[in-house]
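Work through the exercises below with the sequence and the structure side by side, and try each task before reading its solution.

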Amino acid sequence: MKRRVVLMGAPGSGKGTQGEKLAETYRFEAVSTGAMLRDEQKKGSALGGMVRELIEAGKLVPDEMMTALVADWAANRDAGQGFILDGFPRTEPQAEALDRILQERNEAIDAVLFFDVPFDVISDRILGRVGCSACGKIFKVGLQVASEDTPCPACGGKLVRRADDTLETLRQRMAEYEEKTAPVLAYYEKKGLLKRIPADSKPETVFSRVQAALTGGH
């Protein structure tokens, strides 16, 4: 079983859901840089304010800002514990920085999972999702919850739609993703680490593909 795993995919590709399943199944540390950034926004910090403006404009957070967050996480983690990193790297400089950060701790990425999903599926997922304002879990309206007025199934909190979950913002995010993140796939493919996961199926089916990829299957 590969223990240091990077999850990649466009917004709405399901990598967050699969990361949670991996963490629960194998007791890996699940690290979401998106969650780190949302925490900064909740704190009302200067960093959080900058992040909010960038996200609402459909832009990626600058490399130096993201790298600093990940370097701080790496410096405080248990080097022996497996991890799933979701949301980083999103550019080639970030990928190079992650290599350096881990090398300083005598570690390296074992596998990179790319969740491949068509745009029409992604748009349906993004425009129909809601998140809990209390625990942060994400749900699909009409699938996991009846409506956005339904209490959170996990904690009973209030479900809300993210301000940036609009078709216009999604198109901007996808354009930015194609320009800056897609080249990272080539970076990891050259290293022999990239594993493509067809991810437009049910979560259980996708998870079976993930497990096969991480244990040496196809």
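**Exercise 1.** Decide whether aspartate 110 is buried, exposed or partly exposed, and find the residue with which aspartate 110 forms a salt bridge.

*Solution.* In this predicted model, the relative accessibility of aspartate 110 is 26%. Buried requires a value under 20% and exposed a value over 50%, so aspartate 110 counts as partly exposed. The partner is arginine 4, and the closest N and O atoms of the two are 3.5 Å apart, which meets the criterion of a nitrogen within 4 Å of a carboxyl oxygen. As for position in the chain, arginine 4 belongs to strand β1 (residues 4–9), whereas aspartate 110 sits in the loop between α5 (92–103) and β4 (111–116), so the salt bridge ties together parts that are 106 residues apart in sequence. Arginine 4, at 22% relative accessibility, likewise counts as partly exposed.

**Exercise 2.** Characterise the salt bridge between glutamate 107 and arginine 77, and say which network of salt bridges includes these residues.

*Solution.* Begin with the distance, which is 2.7 Å from N to O. Next, locate the partners: glutamate 107 is in the loop between α5 and β4, and arginine 77 is in the loop between α4 (63–75) and β3 (83–86), so that this pair links distant parts of the chain, 30 residues apart. Both glutamate 107 and arginine 77 are buried. Finally, the network that links them also takes in Arg4, Glu29, Arg105 and Asp110, while the count for the model comes to 11 salt bridges.

**Exercise 3.** Describe the salt bridge between glutamate 189 and arginine 196, with its distance and the accessibility of each partner.

*Solution.* The side chains of glutamate 189 and arginine 196 meet at 3.8 Å, N to O. Glutamate 189 has a relative accessibility of 47% and counts as partly exposed, and arginine 196, with a relative accessible area of 46%, is partly exposed too.

**Exercise 4.** Work out how helices α1 and α8 pack, and which residues meet.

*Solution.* Helix α1 (residues 15–26) and helix α8 (residues 203–214) pack with their axes 10 Å apart and at an angle of about 60°. The two helices are therefore oblique to each other, and the crossing in which α1 passes α8 is right-handed. On the α1 side, Gln18, Lys21, Leu22, Thr25 and Tyr26 take part, and they meet Pro203, Val206, Phe207, Val210, Gln211 and Leu214 of α8. Sorted by character, the residues of this contact comprise seven nonpolar, three polar and one charged.

Note on methods
Residues are numbered from 1 along each chain as its sequence is written. This is a predicted model: local features need pLDDT of at least 70, side-chain atom pairs count only at pLDDT 80 or more; totals for chains, interfaces and linings use all residues. Side-chain values use heavy atoms; hydrogens and water are left out. Helices (H or I, at least four residues) and strands (E, at least two) are DSSP runs, numbered from the N terminus. Buried means under 20% relative accessible area, exposed over 50%, partly exposed in between (1.4 Å probe, protein chains only). Axes are lines fitted to C-alpha atoms, for helices over the stretch in contact, and angles run from 0 to 180 degrees between N-to-C directions. Angles under 35 degrees count as roughly parallel, over 145 as roughly antiparallel, 65 to 115 as roughly perpendicular and the rest as oblique. A crossing is left-handed if the near helix is turned anticlockwise from the far one by less than a right angle, and right-handed if clockwise. Contact means heavy atoms within 4.5 Å. Ala, Val, Leu, Ile, Met, Phe, Trp, Tyr, Cys and Pro count as nonpolar, Asp, Glu, Lys and Arg as charged, and the others, Gly among them, as polar.
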